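Biologist: Please take a close look at a single strand and its surroundings. Keep the sentences short.

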Amino acid sequence: MKRIYMDHSATTPVAPEVLAAMLPYFSEKFGNASSLHQSGREARLALEESREEVAGLLGAKPEEIIFTSGGTESDNLALKGIARKNRKRGRHIITTQIEHPAILETCRSLEKEGFIVTYLPVSREGLVDPSALEGAIRPETILISVMHANNEVGTIQPLEEIGRLAAEKEIYFHTDAVQSVGKIPVNVDDLKLDLLSLSAHKLYGPKGAGALYIRKGTKIESIIQGGGHERRLRSGTENISGIVGLAKAAELAGERMAAEGERLTGLRDRLAEQVLDRVKEAWINGSMERRLPGNLNFGFKYVEGESLLLFLDTKGICVSTGSACSSHKLEPSHVLLSLGLKPEECHGSLRITLGASNTPDEVEYVAESIVEAVERFRGISALGR
């Protein structure tokens with residue numbers, strides 16, 4: 001059975017060009033970038049060239065890029081590093097209710113250290129109201145962290161407005177851009193960002209590699225102590241193969257983003273139309289106007305999303321019901337609850353995220369399979385009776 005993969009928000013396959021770029025750094029170019037001999041200098045050159053490539057995708061300076069193990073570590077460094085370094089200025093942080101667990105759990109950890117966190121609500125479409133954010137600012141506010149695009153419903157936040165507000169108030173501004181980098185244009189100056197988290201495996205790079213953009217002059221401290229790598233902000237021998245893979249993925253994203261975004265938007269809208277035209281009491285969660293190109297989050301009454309997922313899996317279709325980081329939890333999605341859905345409506349959700357390998361024929365097959373699945377499970381369910 002052919003596998004149709006439509007779970008690209010969870011992870012993406014490593015692009016062939018990325019794998020080819022990485023392979024030499026597992027064998028003949030295996031040096032430690034901290035070593036002074038030829039092998040070390042070779043690794044150091046690859047490290048710094050990769051830093052330039054990643055910076056270029058973001059409109060940043062190379063020295064503002066710190067390599068990490070991925071989005072979760074980058075989020076932890078951004079929030080804990082800023083909070084602890086600037087605690088004398090204040091102990092108040094603002095974020096949203098729909099952030100990834102890497103942000104929410106880090107905020108809860110900081111609350112145990114005496115920091116105060118405001119979790120802003122969002123609209124039914126999953127958007128933060130900049131005026132509500134402005135009203136939440138206090139004299140002791142030191143950090144605002146708002147994700148660029150939501151990992152479950154694909155909603156793109158108004159970071160331009162929030163960034164201007166943060167700059168006016170001289171408050172550090174961070175975004176978790178794990179889902180947006182490589183899919184839509186991201187420029188740190190246009191968005192007035194001080195910090196940005198990204199992860200390689202969301203843009204056809206390897207797992208275990210990521211980066212944190214830190215604007216020059218930002219006061220932040222390390223959360224990992226050791227040999228002082230990455231400007232003493234992220235100790236640990238650099239993962240050169242992974243970093244090279246991230247850089248190649250960034251290069252490819254920059255070249256392909258515009259055309260691929262247009263293609264995925266067309267496939268996404270076709271899939272939404274096919275399903276909504278044929279399934280009653282179904283809807284899309286999140287904004288269709290401010291949405292990532294490949295993201296769809298369906299809601300269905302009278303059926304469990306997990307049942308749909310497992311049925312589609314028997315058809316060779318890989319999708320999800322929400323964040324892969326929360327897929328083993330039984331409680332409703334915190335994102336969908338924050339959008340105002342009832343718990344039973346949350347459990348009827350299905351997240352589909354298209355990517356580079358998906359075709360129009362696959363979209364038709366997936367739509368047919370969803371319709372079949374919903375009809376089958378509604379026919380045997382007591383929920384709609």
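Modeller: What follows is a walk around one strand, β6, and its neighbours.

This is a predicted model, in which local features need pLDDT of at least 70, side-chain atom pairs count only at pLDDT 80 or more, and totals for chains, interfaces and linings use all residues. Residues are numbered from 1 along each chain as its sequence is written, and side-chain values use heavy atoms, with hydrogens and water left out.

Strand β6 covers residues 172–176. Helices (H or I, at least four residues) and strands (E, at least two) are DSSP runs, numbered from the N terminus. Five of the five β6 residues are buried, so the strand is largely enclosed by the rest of the structure. Buried means under 20% relative accessible area, with exposed over 50% and partly exposed in between (1.4 Å probe, protein chains only). Tyr172, His174 and Asp176 point one way from β6. Phe173 and Thr175 point the other way.

Now the pairing. Two strands pair if DSSP finds at least two bridges between them. Strand β5 (residues 141–145) runs parallel to β6, joined by three bridges. Here Tyr172 of β6 is the bridge partner of Leu143. Strand β7 (residues 195–199) also runs parallel to β6, again over three bridges. Thr175 stands opposite Leu196 of β7.

The link from β5 comes next. Together, β5, helix α6 (residues 159–169) and β6 form a right-handed β-α-β unit. Right-handed means that, with the strands pointing away from the viewer, the path from the first strand over the helix to the second runs clockwise.
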